[in-house]
Structures are given as structure tokens and as C-alpha cells.
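Reader: Could you take me through one part of this model in a close look, and then show me how the rest is arranged around that part? I would enjoy a connected account rather than a list.

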Amino acid sequence: MKIATWNVNSINARLDTVLGWFKAERPDVACLQEIKCIDEKFPTEEFQSLGYNVAVNGQKSYNGVAVVSRTPLEDVEKGLPGDDADDHARYLETVISGPSPVRVASIYLPNGNPIGTEKFDYKLAWMRRLQTHARALLDLEEILVLAGDYNVIPEPADADDPASWAGDALFQPQTRGAFRSLKWLGLTDAYMAADGAAGGYTFWDYQAGAWRRNHGIRIDHLLLSPAAADRLRSVTIHKDMRGADKPSDHVPVVVELEI
DNA sequence: ATGGTAGACCTTCTA
């Protein structure tokens, strides 16, 4: 089973690019982030015509996440538990039906810039909520994949030029510590565990020639429960998509699980 | 050199 995560930076502006990739790659499941539209404006019919089921947690203009799957989606939960006042659409969790069901979450973790503001506080609070929820999910002992744009650069090796990110919310000690705490619950970073994976970035800014200069970072992650990690076959970063026409600033990351 | 681009959509915010 191929499970993808991709921050598309507007599903409607990216529709041809995304559908073209789906036709070529045929993922079984895809977690999408930054769809930047309300549920009613998500191109559901276009995905259905390719044979996919769709679940959307949308929002006008900003954020918004979705999961698309070949098999039906069960137990759809919209929003990250722990703060009823949080109205950002950044989390959707569902169970991919089949002989071996897989629980997946599509995560758009807050960016948090600039540091020293309420945006950074919101990011850290959101990460605490995610850790609390992940602990409860791990207790279920299911095949679980927490996939998305984490807006976290885990280690210096995950940036082309780590020094340039020193003042950025994505690379703060608190941010990296919260990500480590999350993993220490018993989650496996698929990219780090996969045989042969190295030197992969998943995001290059539109600005300042970042792509041309390979000024990239690895911030799109798939965290696996033990049952999922046991089934991990491969991880592929689709770097070529950054050079496509009308690219997102993020590229797809695909894990293959033995399911 | 403190820059630059992209998307939503009304004017500036977010990234």
C-alpha cells in the first residue's frame, strides 16, 4: 500500500499538477495539506472519477486538509482534540478500510513564525495537543500513519543551510524538542528508518531562487506506529515535482507499507 | 545585499 503526503498549496490552483501526479503514481492513499478552500469547493468529483474516496476538513483561503483513498474512509474525525476554540482546519483523521485497516491523519502543523509572538505559542500548544492525542492513538496498537507538513526541521542535516534557519520557528530548540518528544512516544520517522534514504528535502521556498540553489528543508514527515513501522518497505521523495509546471513549494513523500 | 514568489481575494495576510 502506497501512502502519500503532499502540501499542495491550494488544491484548485494545483489541480492539473496534482491529478497528473495521481495518474502517474496511483497512490492508494494521499494526505493533502493547504488545500485553501472550504469543503464545497474541493474538487471531489475529479478525484472520484480517478477512483478515489474523499474526506475534507476545509477552510476559506487558508489551511485545510484532506484524505483521499481507493477504499472507503471510515470514522472520519475533523480537528485535533484538546482546544474547542481552535478554528483552524489543520487535522483530519480517518481509517482506511480493508483487510488490514490503517488509521491515517493528515496534519498541517502551524508554521509559528515569527518567533516571540502568539503564532509561535500557538504552534507549541498545537504540538502539545498532538502529542497528547498521539499517545491515545498509540494505545490502540493499530497500523497508524501520522502524515503531513509538520513545519519542523528535525536536525541540521535536514536543511541545506541550517544557519539560515536559526531564527525561524521551524528550527527552534522548542520546536525540535517537541518533535522529538512526539517520536519518543514510540513513533518512527519513516524517512529515517527506510533503507537507503538520505539527503532528501521536501520543501523549497518560491523566493530567492531556493529551488535553483537547492536551498531546501525536510519538513514533510510520516510518523509510523510500531505496527506500521514493521511493515515499512520504502520511502520516496518525489523531488522531480518541484521542477514541474505550476509546482507546489512542497513535493510528495510516499511510503510503501506491506499491506 | 535583510532581498525574493505564490495564492486567496479586496488589501493585506499567510507562508
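Author: Happy to, and let me start with a term that we will need at both ends of the tour: a residue is called buried if 20 or more other C-beta atoms lie within 10 Å of its own, exposed if 12 or fewer, and partly exposed in between. Please keep in mind that this is a predicted model.

The part I would pick is strand β2, residues 29-33. Five of its five residues are buried, so β2 is largely enclosed by the rest of the structure. In a regular strand the side chains alternate between the two faces of the sheet. Here Val29, Cys31 and Gln33 point one way from β2, while Ala30 and Leu32 point the other way, and all of them are buried.

Now let us look at what lies beside this strand. Strands of a sheet pair through backbone hydrogen bonds, either parallel or antiparallel. On one side, β2 runs parallel to strand β1, residues 2-7, and five bridges join the two. Ala30 is a handy landmark here, since Ala4 stands opposite Ala30 in β2. The link between these two strands is also worth following: β1, helix α1 (residues 15-25) and β2 make a right-handed β-α-β unit. With strand β4, residues 65-69, the pairing of β2 is antiparallel, again through five bridges. Ala30 serves as a landmark once more, as its bridge partner in β4 is Val68.

Stepping back, we can place β2 in its sheet. This is an open sheet of six strands with mixed pairing, in the order β3-β4-β2-β1-β14-β13. Its edge strands are β3 (53-57) and β13 (232-237), each of which pairs on one side only. From one strand to the next, the twist averages 15°. Towards the β13 edge, five bridges join β13 to β14 (residues 253-257), and these two run antiparallel. Within that pair, Val235 stands opposite Val255 in β14.

There is another open sheet of six strands, with the order β5-β6-β7-β8-β12-β9 and mixed pairing. At its edges are β5 (73-78) and β9 (188-189), each pairing on one side only. Inside this sheet, β8 (residues 143-149) and β12 (residues 220-224) run antiparallel and are joined by five bridges. Leu146 has Leu223 as its bridge partner in β12.

How does the whole chain look? Chain A has six helices and 14 strands. Its radius of gyration is 17 Å, close to the 18 Å that the globule rule gives for 259 residues, so chain A is as compact as a globular protein of that length. The C-alpha atoms fill a box of roughly 45 × 45 × 40 Å along the principal axes. Of the 259 residues, 43% count as buried.

The model also includes DNA strand B, which 15 residues surround; the closest are Ser10, Ala13, Ser61, Tyr206 and Ala208. The residues of the surface near this DNA strand divide into five nonpolar, six polar and four charged.

To finish, here is a contrast with the strand we began with. Ile259 lies in the segment after β14. With 17 other C-beta atoms within 10 Å, Ile259 is partly exposed, whereas the five residues of β2 are buried. The C-alpha atoms of Ile259 and Val102 are separated by 9.2 Å, although these residues are 157 residues apart along the chain.

Technical notes:
Residues numbered from 1 in each chain as written. Chains lettered and ligands numbered in written order. Predicted model: local features only at pLDDT ≥ 70, side-chain atom pairs only at ≥ 80, totals over all residues. Helix = DSSP H or I, 4+ residues; strand = E, 2+ residues; numbered from the N terminus. Pairing = 2+ DSSP bridges. Right-handed = clockwise from strand over helix to strand, strands pointing away. Axes fitted to C-alpha atoms, helices over the stretch in contact; angles between N-to-C directions. Near = placed C-beta within 6 Å. Nonpolar A, V, L, I, M, F, W, Y, C, P; charged D, E, K, R; others polar. Rg over C-alpha atoms; globule rule 2.2 N^0.38 Å.
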